[in-house]
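This report covers a single chain, from its core outward to its overall dimensions and then to its backbone geometry. The sequence and model are shown first.

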Amino acid sequence: MRTTYRKKLIEVALPLEAINAASAREKSIRHGHPSTLHLWWARRPLAAARAVLFAQLVDDPSSWPELFPTEETQNHERQRLFRLIEDLVQWENSSDEEIINAARLEIARSHARSSNSPKAKAVLKEGVKPSVVNEYLATELPPVHDPFAGGGSIPLEAQRLGLRAIASDLNPVAVMINKALIEIPPKFAGIAPVNPEARANGKLRTWRGAEGLAEDVRYYGAWMREQAKKQIGHLYPDAQLPKEHGGGKAKVIAWIWARTVACPNPACGVHAPLLKSFRLSGKGDGVVATLSRSPRRIMFRIDGKSSPEGGTVDRRGAKCIACGATIPLDHVRAEASAGRMGAQLVAQVVEGAKKRVYLAPDERAEQAALCAKETYWEPNADLPHEALGFRVQRYGMRSYGALFSKRQLVALSCFSRLTGEVAREARAAGASEEYARALATYLAFAVDKAANYWSTLCSWYVNKEIMVSTFGLPTLSMVWDYAEANPFSDSSGNWLVGVAQAAEALEGLVLSVTPGVARQADVSQAFAAGDVAIVQSDPPYYDNIGYANLSDFFYVWLRRSLSSFWGDVFHTVLTPKTDELIAEPGRFNGDREAATRFFENGLQRAFTVLRQHATSDCPIAIYYAFKQQEVESDDTSSTGAAVASSGWDKMLSALLGAGFQVDGTWPVRTEQPGGLREARRNALASSIVLVCRSRPQEGASTTRGEFRRMLRKELPDALKKLQQGNIAPVDVAQASIGPGMAIFSRHKAVLEADGSPMTVRAALQLINEVLDEYLASGEGDFDADTRFAITWYEQHGWAAGSFGEAETLAKARNVSVSGVVEAGICHSAAGKVRILKRPEMRPLDYDPTKDERPTIWEFTQHMIRVLEDEGEEAAARLLKKLGSAADATRELAYRLYNTCERKKWSEDARAYNGLILAWPELEKLSATLGDGPLPAAPSEGGKKAAKTKKAPKAQTRLFQGDDDA
């Protein structure tokens, strides 16, 4: 098939390890990161967007044989580009002019080599000035257009690389985020602040970028705090510290509340507090409940030593502290729906001299919250009756206002009102109308940040002793004992946090010569006739996140604060939902099929628009992250079961139906291991970047059998490269889609036996079959004992099976049950055989160099045990001792993860996934460690002393030709 375009770097190679490391690390960066400006869900890392965009625009050296005639010179040039990307993706280099200018120059020259314009010739000269390059990028290259702009990572990185940026999105909250990142700041580049304090003290200072605007955000944010404190400060009284903590008044950081319902026991009559935990900190602080007789109610005091374990409520229901009666969850929901759920103060968190101090509630503190008389505005818009991620409606919360307490509504109303007063103050200080509007916008974002921390769905993070915001996850879920932040404290959840984050985000921006454009538009309206653009986008993920419904939480406050400034954006009561591309059954009376059709048809129309307007000079890049997890019967499969995700099926069907072919795929790590998201589920760690071009019309058809043969030929090499790049096992199934669909999509059609075209879903099933074959094909590299363990584990897990069955399997593997027991893998007794669990494996100070019957199974399980129990250094020492068996150990972890995923053994899956994720760091540590003994194993207390295995077999080869085993 003839190629009529010059291949870009992203179509050939990427320094994936460096991009993934920078992307994962970026999740932990808070100060100055643009993501802190305003919450958005599933936002792509800036490092990934920057690297992908650069590689989309820069020619691969193989495209210029006249410049790089040999494979050696091409590889040398490719490595130079890789080094630039490796520098470019580092967070510390985000504002480094030398590195950014070097990246801009590479982009400009790749374009200029194919152009005959006078400007192109100027760019190709040696010693070209950055200003010439910047002008070329802004005038000669098409703009970068992201039609699903969301949190703005892609348009922001386009602007950083000197390109014109267009961000469009149907959601007005996303539109405002993009305006605040790419449209507003360049308009005020180099402008001095208008506030009187800065004018008096900073006359000789030069204000670079958006520093002046950031300074005004800080000043007027502090002004708002002082004005609000005058108006509502009395609602947030200080607490009295006891003598043992120094005495005197102290600022309260947070108040801990428990929701209450009437006990259903008629003889009790107490309003029972619903607490998930009596603990307040990881240092032993806790509360104890007592029963007051007159009036009859539960009281709380601080006593960490006496506070009970657990709480009074869980998913099954609750328990009354006063009488011990069971409170069914249905009763709790009925009381809440009837408006009879209350709230009771449990504790006060106070900033002490050296640590958090926990105080018992007092009547003054409780009444200040419950009896506020100030007027306030309440967002009375209804919550959706049924929507993705919404869990609170069954507890009587039917409007957005119901998510806040009365005192929280007073505070949010006050600060929202003050954003308008800031604009008036700024105009009085000499600011233009547009500048005053900009100030109000960033401070309205601070109000949204406050709303995220000032709802009754916030909790207290016991171990870190900080507030957890409403959206720890993209859901609105019930919180029984919630934490109420003090806007006027200097700690967790206070007003100035949002102000500081807005200012720091502005200061860190690299401003473009040309302001970006952020507009509200459906994809069908995002492009004008004749528009040509460079396209990189992150479309919605089927039914993962309900962006519109969730963002209404913020929209109601943004609209309250900014509707007079941005009337064209805030013209609807809530965010538009009719055209939102998401498979939301609730919008189709619960009809999932109708929701799926809507998503697939809408996405195909969107991709058709992108194909019409995408420049032919470079491919488009699409991010997608949807876990394959559906197992279904399939008579055409050799295994009798097939896997194909509806999310991937529908997205790829739309992509191919619009006339694209998959030209390359890259798994880009977008989540940092150990975060809240990963701690709660075995979540995807990577997004798959699909690199696509228009499919040529002359493509040939092929048959199902030939497609399968091509998969078996080409997919293993692609998967080996992915594993060499240390892709997490949890991402392997997703990553295999790319090379598989690249084969599928380069054909006009893949024909079934009856002549009908194969569906994308059937193709995904075949891809997964070949993936399984590949993961199983490495079994020949394992020793016989390990092969026995793999098969037994697949059949029984950690459970016991009959000795007869085990002996039959052992003979087939050319071993005996007694031999596998001697190898330290199994336990056999009373006619039953089972695989030893990791805590049972001996010895605890395992040394593979002293094992006379070593097995890859043991190596893998001991690696996990040591990593989890003793840490990375101990695991690295063990890895060093594995020698040439290390690769097979890692390969077995991939194989066993795949088994666990299919069997839905989530805990074991996490263990194998975790080992692979830690592997690069373990290799680095291993290379720096000496050959000394492993660290001493931790004491097991009452457990039996470790036993040394009996190993009569003197020689066991783990691999053919491995004479050192």
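The largest nonpolar core of this predicted model has 301 residues. Leu403, Phe607, Leu652, Leu690, Met741 and Trp857 are the members that touch the most others in this core. Helix α14, residues 433-453, supplies the largest share of the core, with 13 residues.

Met741 can be followed in detail. Apart from neighbours within four places in sequence, Met741 contacts Leu652, Leu656, Val662, Val760, Ala763, Leu764 and Ile767. One of these partners, Leu652, is itself listed among the core residues that touch the most other members.

Turning to the whole chain, 58% of the 965 residues count as buried. Among contacts with a separation of 6 or more, 73% join residues 24 or more positions apart. The secondary structure consists of 30 helices and 28 strands.

What radius of gyration would a compact globule of 965 residues have, and what does the chain have? The globule value is near 30 Å and the chain has 31 Å, so the two agree. The C-alpha trace spans about 85 × 80 × 60 Å along its principal axes.

The accessible surface of the chain is about 40,000 Å², and carbon and sulfur atoms hold 49% of that area. The chain carries 120 positive and 117 negative charges, and the mean positions of the two sets are 4 Å apart.

Some backbone angles merit separate mention. Most residues other than glycine have a negative phi, and most peptide bonds are trans. Two residues other than glycine with positive phi are set out below.

| Residue | Phi | Loop | Relative accessibility |
|---|---|---|---|
| Ala42 | near 55 degrees | between α1 (16-26) and α2 (46-57) | 27% |
| Glu465 | near 55 degrees | between β14 (459-461) and β15 (466-468) | 6% |

Are these two residues buried or exposed, or do they fall in between? Buried means under 20% relative accessible area. Glu465, at 6%, therefore counts as buried. Ala42, at 27%, counts as partly exposed, because that class lies between the 20% limit and the 50% above which a residue is exposed.

The remaining backbone feature concerns a peptide bond. Arg842 and Pro843 are joined by a cis peptide bond, with omega about -5 degrees. Pro843 sits in the loop that runs between β28 (832-835) and α27 (856-870).

Methods
Residues are numbered from 1 along each chain as its sequence is written. This is a predicted model: local features need pLDDT of at least 70, side-chain atom pairs count only at pLDDT 80 or more; totals for chains, interfaces and linings use all residues. Side-chain values use heavy atoms; hydrogens and water are left out. Helices (H or I, at least four residues) and strands (E, at least two) are DSSP runs, numbered from the N terminus. The radius of gyration is taken over C-alpha atoms; the globule rule is 2.2 Å times the number of residues to the power 0.38. Buried means under 20% relative accessible area, exposed over 50%, partly exposed in between (1.4 Å probe, protein chains only). Contact means heavy atoms within 4.5 Å. Accessible areas come from the Shrake-Rupley method with a 1.4 Å probe; for residues, only the protein chains shown count as cover. Lys and Arg count as positive and Asp and Glu as negative; His and the chain ends are not counted. The place of a charge is taken as NZ of Lys, CZ of Arg, CG of Asp or CD of Glu. A nonpolar core is a set of buried Ala, Val, Leu, Ile, Met, Phe, Trp, Tyr and Cys residues joined through side-chain atoms within 4.5 Å.
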